[in-house]
Structures are given as structure tokens and as C-alpha cells.
There are 2 protein chains.
Amino acid sequence: MGNEPEYLKNLKPKYKFWLESEDGYVFGQGSFELLRGIQEQGSLSGSSKTKGMSYRYAWGIIKEIEKRMGKPILETRTGGKTGGGATLTLTGQKLLEVYVEFTKAFDQICLNWMDKP
Amino acid sequence: MGNEPEYLKNLKPKYKFWLESEDGYVFGQGSFELLRGIQEQGSLSGSSKTKGMSYRYAWGIIKEIEKRMGKPILETRTGGKTGGGATLTLTGQKLLEVYVEFTKAFDQICLNWMDKP
């Protein structure tokens with residue numbers, strides 16, 4: 001993109017990114033943050049707390065994604081020495097990766113434009 | 001981005017793109033379509049009709065963009081043989097161009113991913 005006049009350079013490019021199935025919305029920023037939290041903390045309750053969501057609400061989000069994907073994205077363990085927890089399935093990990101790859105590419109386009117002289 | 005399993009390839013990447021000033025939203029898909037219509041039809045009333053908006057509502061959108069840009073984006077003529085009309089100022093044309101450039105680049109990223117084997 002060419003050099004832009006000053007009044008355009010004061011504008012910031014913004015976007016929202018999400019993934020859809022034929023039935024509509026599947027995975028966007030909120031679900032990304034929830035899943036990344038699960039990956040980092042090893043638990044759905046920890047991640048939902050960080051996001052300021054109730055466990056029940058977060059659980060509903062996970063179940064909705066799984067329904068629309070037709071595949072589980074979370075594996076849960078109960079009890080045991082560590083008191084249970086949750087890890088992402090390969091499908092869940094892949095969703096995270098795809099979201100990161102797209103938003104990195106989009107961010108790069110925005111940065112390139114803003115860095116233009 | 002690498003080859004993706006089938007269940008991911010059934011998902012479609014989607015996005016919304018817009019431009020913001022310090023005061024918030026300035027220009028997005030709705031304003032883009034309105035301005036493109038003005039460029040094509042040479043009139044705000046024609047473009048607003050195509051978009052299913054009242055002239056007054058469309059006028060409000062234009063004025064809000066101009067306020068947030070601090071510059072006029074539309075030049076209007078009244079009367080004369082052709083019965084008046086509207087053309088985009090350079091600022092208006094530049095807004096269109098920037099929107100097209102970003103959405104083309106974003107679309108390309110989406111297409112590349114969907115075309116992967």
C-alpha cells in the first residue's frame with residue numbers, strides 16, 4: 001500500500017476474526033482466550049475465572065464449539081492427586097493454532113500499513 | 001500455514017474490518033458500500049436508495065465520518081442541468097482505497113488457507 005496522507009495515518013485499522021461452519025459462528029476471540037487459558041492453566045475452572053466467566057458458562061461455550069465441530073476439543077480428568085483438570089484435544093490445539101496464524105497475518109498487514117512513512 | 005485436517009477445512013475464516021480514530025469507529029463495511037455507491041452513481045440519494053437507507057440517515061453517516069476525520073469526504077452540487085449530485089473528495093476516495101486494500105489482503109490470506117490441499 002502506498003504512502004498515505006497524514007489524516008489517514010491517524011486512523012487505526014481494526015478487525016475481528018472468527019471461524020464459521022455451515023451452521024454459523026464456531027470460534028472467535030472469546031473462545032480463543034478461553035482455550036488458551038486452558039492450555040496454560042490445565043483447567044477449565046482456572047481459565048474461566050481468568051476470563052471472568054462462570055464455570056457453567058465456559059462449559060457451555062466448549063460444548064457449543066464441540067457440537068459445531070462434531071469433535072471433542074477438551075479432555076477432562078476428575079479427582080486424582082492433582083484434583084482433576086482439563087487439556088485440549090488435538091482438535092482444540094489446532095483451533096488455537098489456526099486462530100493464531102490468521103490473527104498474526106492480519107496484524108502484520110495492519111502493522112505494515114501503520115509503519116509506512 | 002500447513003496442511004489442515006478435514007474437520008478444520010470445513011470451517012470458513014471470516015472477518016470484519018474497520019478504521020478507527022481516537023474517538024472510535026470511523027469507517028467500515030456499511031460506509032464503504034455507501035461511498036462506493038456514491039462514486040458509481042454520482043449521487044448520495046442514489047447510493048442510499050441502493051443500500052435501503054433513507055437519504056437523511058445516509059447523510060448522517062457521511063457527516064459523522066467527516067466529523068471524525070476532520071475533513072469533508074463529499075462534495076455536493078445542487079440544481080443545474082443534471083439536477084445536482086455528489087462526488088467524493090480526495091479524502092473520501094482515499095478512504096475507499098484503504099478499505100479495498102486491507103480487505104483484499106485479508107481475503108487473500110483466507111483464500112490461501114482455504115485453497116490448501
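What follows is a chat about a predicted model with chains A and B.

Visitor: What does the secondary structure of chain A come to?
Guide: In this predicted model, chain A has 5 helices and 4 strands, and along the sequence these follow the pattern α-β-β-α-α-α-β-β-α.

Visitor: What radius of gyration does chain A have, set against a compact globule of 117 residues?
Guide: Chain A has a radius of gyration of 18 Å, whereas a compact globule of 117 residues would have one near 13 Å. Along the principal axes, the C-alpha atoms of chain A fill a box of roughly 60 × 30 × 25 Å, and 24% of the 117 residues count as buried.

Visitor: And which share of the contacts joins residues at least 24 apart?
Guide: That share is 45%, taken among the contacts in chain A between residues at least 6 apart in sequence.

Visitor: Changing topic, how many residues does each chain bring to the contact?
Guide: Chain B brings 28 residues and chain A brings 28 residues. On the side of chain B that touches chain A, at least two residues come from each of α1 (6-9), β1 (12-21) and α5 (90-115) of chain B, with β1(B) giving the most, namely 10 residues.

Visitor: How do the residues on that side of chain B divide by type?
Guide: The side of chain B that touches chain A divides into 17 nonpolar, 4 polar and 7 charged residues.

Visitor: What turn and shift lay chain B on chain A?
Guide: A turn of 180° with a shift of 0.0 Å along the axis lays chain B on chain A with an RMSD of 0.0 Å, which is the relation of a two-fold axis. Among the residues of chain B, the one that comes closest to the rotation axis is Lys16(B), whose C-alpha lies at 2.6 Å.

Visitor: Why do the copies meet through the same surface?
Guide: Of the interface residues of chain B, 100% are also interface residues in chain A, so the two copies use the same surface to meet.

Visitor: Which way do the β1 strands pair, parallel or antiparallel?
Guide: Strand β1 (residues 12-21) of chain A pairs with β1(B) in the antiparallel sense, over 9 bridges. Tyr15(A) has Phe17(B) as its bridge partner in β1(B), and Glu20(A) has Lys12(B) as its bridge partner in that strand.

Visitor: What order do the strands take in the open sheet?
Guide: The open sheet has 4 strands in the order β2(A)-β1(A)-β1(B)-β2(B), with antiparallel pairing. Its edge strands are β2 of chain A and β2 (24-27) of chain B, each of which pairs on one side only, and the twist averages 60° from one strand to the next.

Visitor: How many residues lie between β1(A) and β2(A)?
Guide: There are 2 residues between β1(A) and β2(A), and the two strands form a hairpin. They run antiparallel and are joined by 3 bridges, with β2 of chain A covering residues 24-27; within this pairing, Ser21(A) stands opposite Gly24(A) in β2(A).

Visitor: Last one, Ser48(A): buried or exposed?
Guide: Ser48(A), which lies in helix α3 (residues 44-50) of chain A, is buried because 22 other C-beta atoms lie within 10 Å, and 20 or more is what counts as buried.

Visitor: Which residues is Ser48(A) in contact with, leaving aside its neighbours within four places in sequence?
Guide: With those neighbours left aside, Ser48(A) is in contact with Leu34(A), Met53(A), Ser54(A), Tyr55(A) and Ala58(A). Glu4(A), by contrast, is 44 residues from Ser48(A) along the chain, and the C-alpha atoms of these two residues are separated by 42 Å.

Key
Residues are numbered from 1 along each chain as its sequence is written. Chains are lettered from A and ligands numbered from 1 in the order in which they are written. This is a predicted model: local features need pLDDT of at least 70, side-chain atom pairs count only at pLDDT 80 or more; totals for chains, interfaces and linings use all residues. Two residues are in contact if their C-beta atoms, placed from the backbone, lie within 7 Å. Ala, Val, Leu, Ile, Met, Phe, Trp, Tyr, Cys and Pro count as nonpolar, Asp, Glu, Lys and Arg as charged, and the others, Gly among them, as polar. Two strands pair if DSSP finds at least two bridges between them. Copies are superposed by least squares on the C-alpha atoms of residues with pLDDT of at least 70 in both. A residue is buried if 20 or more other C-beta atoms lie within 10 Å of its own, exposed if 12 or fewer, and partly exposed in between; C-beta atoms are placed from the backbone. The radius of gyration is taken over C-alpha atoms; the globule rule is 2.2 Å times the number of residues to the power 0.38. Axes are lines fitted to C-alpha atoms, for helices over the stretch in contact, and angles run from 0 to 180 degrees between N-to-C directions.
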